[in-house]
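Let's take a walk through this fold together, moving from paired strands to helices and then to individual side chains. Keep the viewer open as you read.

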Amino acid sequence: MAMSLTVQLHQDENHLRYAIYRGEEYVASISGDRHAMDTVLFIVGWDGETDDHEVRNILLSRLFDDCKAAGTEVLVHLTDARKPIFEALVNAGFAVKYEKFLYRHNFEVVRPPQRELSLRLASTLPLTEYQQLFWDCNQGDPLATLRHAESPSAFLQRFIAEIAELHVPEQMYVAYWADVPFGIINFRVTISHNITAGFMNYIGIHPDYRGQGFGGDLHRLGLVYLKEMHCDCYLGSTHADNLAMRAVFERNGVIYRNKQVFLVAP
């Protein structure tokens, strides 16, 4: 009588691995990294007998059920090596929620913005003024999910509660032109495999300043700041349908790398 297949979840603070066993014998696994307060699981890769349809289906079924129960999204960098994983996830019932394009700048040439802009820590602006600016900068952004009659202070509190890692006070800056605040930018720096990478996880422009090149100038100033922070590269991303931001990347010399896909278990 053949031994049945069982799945065990092995995890620590940052990583997890769904491993399948035949009795006590390891057969295969799918592994991932945790991102953004456990709301996103970045799938790293397959290992073992993943060409076996029964093994693959059992692994993906367990992953699907766990993601559905927890409301966790799955993220796949759509490189050639990971396309089979993406296809398997879709075949297992995961649905594409949205796509993002990934970009990189290695700082060989960084041009300053055309306007004379400056950045000041967000903490230098009175709290009520910052709350209002943050609210205004998110007007018209479908991903910000502004709620009807929600006050600026309530929206900022909810944003911080839901995506705390994108709003670290020491990394939030207010952008000024002619001593008037017009936008907000967030910086983050990480070190991995001896490479220091800089990010701008959030760029917001007040509606009165949109369509005039301020977004591109603020992004360019951000590149200057990250180079001055001794970053080796800048890593950026934007939603596939955000044509304006993709144009900013291209104008500022940021090179397209690949695409990442976010999936959900409906």
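Strand 3 (residues 25-35) and strand 4 (residues 40-48) run antiparallel and are joined by eight bridges. Within this pairing, Asp-33 has Phe-42 of strand 4 as its bridge partner. Two strands count as paired here if DSSP finds at least two bridges between them; helices (H or I, at least four residues) and strands (E, at least two) are DSSP runs, numbered from the N terminus. What you are looking at is a predicted model, in which local features need pLDDT of at least 70 and side-chain atom pairs count only at pLDDT 80 or more, while totals for chains, interfaces and linings use all residues. Residues are numbered from 1 along each chain as its sequence is written, and side-chain values use heavy atoms, with hydrogens and water left out.

Strand 1 (residues 5-11) and strand 2 (residues 15-22) are also antiparallel, with seven bridges between them. A hairpin of three residues connects the two, and Leu-5 finds its bridge partner in Arg-22 of strand 2. Now zoom out to the whole sheet: it is open, has 12 strands and mixed pairing, and follows the order 1-2-3-4-5-12-6-11-10-9-8-7. Strand 1 and strand 7 each have a single partner strand, so one side of each is left without a neighbour in the sheet. From one strand to the next, the twist averages 30 degrees. As background, strands of a sheet pair through backbone hydrogen bonds, either parallel or antiparallel.

Next come the helices that cross this sheet. Helix 2 (83-91) lies across strand 4, strand 5, strand 6 and strand 12 (255-264), at about 110 degrees to strand 4. For such angles, axes are lines fitted to C-alpha atoms, for helices over the stretch in contact, and the values run from 0 to 180 degrees between N-to-C directions. Contact means heavy atoms within 4.5 Å. Helix 3 (residues 127-137) lies across strand 8 (172-177), strand 9 (180-192) and strand 10 (195-205), at about 85 degrees to strand 9. Which residues of helix 3 are buried? They are Tyr-130, Gln-131, Leu-133, Phe-134, Trp-135, Asp-136 and Cys-137, where buried means under 20% relative accessible area, exposed over 50%, and partly exposed in between (1.4 Å probe, protein chains only). These buried residues pack against helix 4 (152-162), strand 8, strand 9 and strand 10.

Have a look at the loops beside strand 9, too. Asp-179, in the loop between strand 8 and strand 9, has a positive phi near 65 degrees without being a glycine. Asn-194, in the loop between strand 9 and strand 10, likewise is not a glycine and has a positive phi of about 65 degrees. Asp-179 is exposed at 55% relative accessible area, and Asn-194 is exposed at 75%. Most residues other than glycine have a negative phi.

Turning to charge, the structure holds eight salt bridges, each being a side-chain nitrogen of Lys or Arg within 4 Å of a carboxyl oxygen of Asp or Glu. One of them pairs Asp-66 with Arg-62, with the closest N and O atoms 3.0 Å apart. Both residues sit in helix 1 (residues 53-70), four residues apart, about one turn of the helix. Asp-66 is partly exposed at 25%, as is Arg-62 at 28%. Another salt bridge joins Asp-217 and Arg-115 at 2.8 Å, N to O. This pair links distant parts of the chain, 102 residues apart: Asp-217 is in helix 5 (residues 214-228), and Arg-115 is in the loop between strand 6 (95-105) and strand 7 (117-121). Asp-217 is buried at 7%, whereas Arg-115 is partly exposed at 23%.

Finally, visit Arg-82, in the loop between strand 5 (73-77) and helix 2. What is the nearest side chain of opposite charge to Arg-82? It is Asp-33, 7.3 Å away, and Arg-82, although buried, has no salt bridge. (Lys and Arg count as positive and Asp and Glu as negative; His and the chain ends are not counted.) A polar atom of the Arg-82 side chain does lie 2.8 Å from the backbone oxygen of Val-44. Leaving aside neighbours within four places in sequence, Arg-82 is in contact with Phe-42, Ile-43, Val-44, Val-76 and His-77.

Methods:
A polar contact is a pair of N or O atoms within 3.5 Å; within protein, one must be able to donate a hydrogen and the other to accept it, and residues adjacent in sequence count only if both atoms are side-chain atoms.
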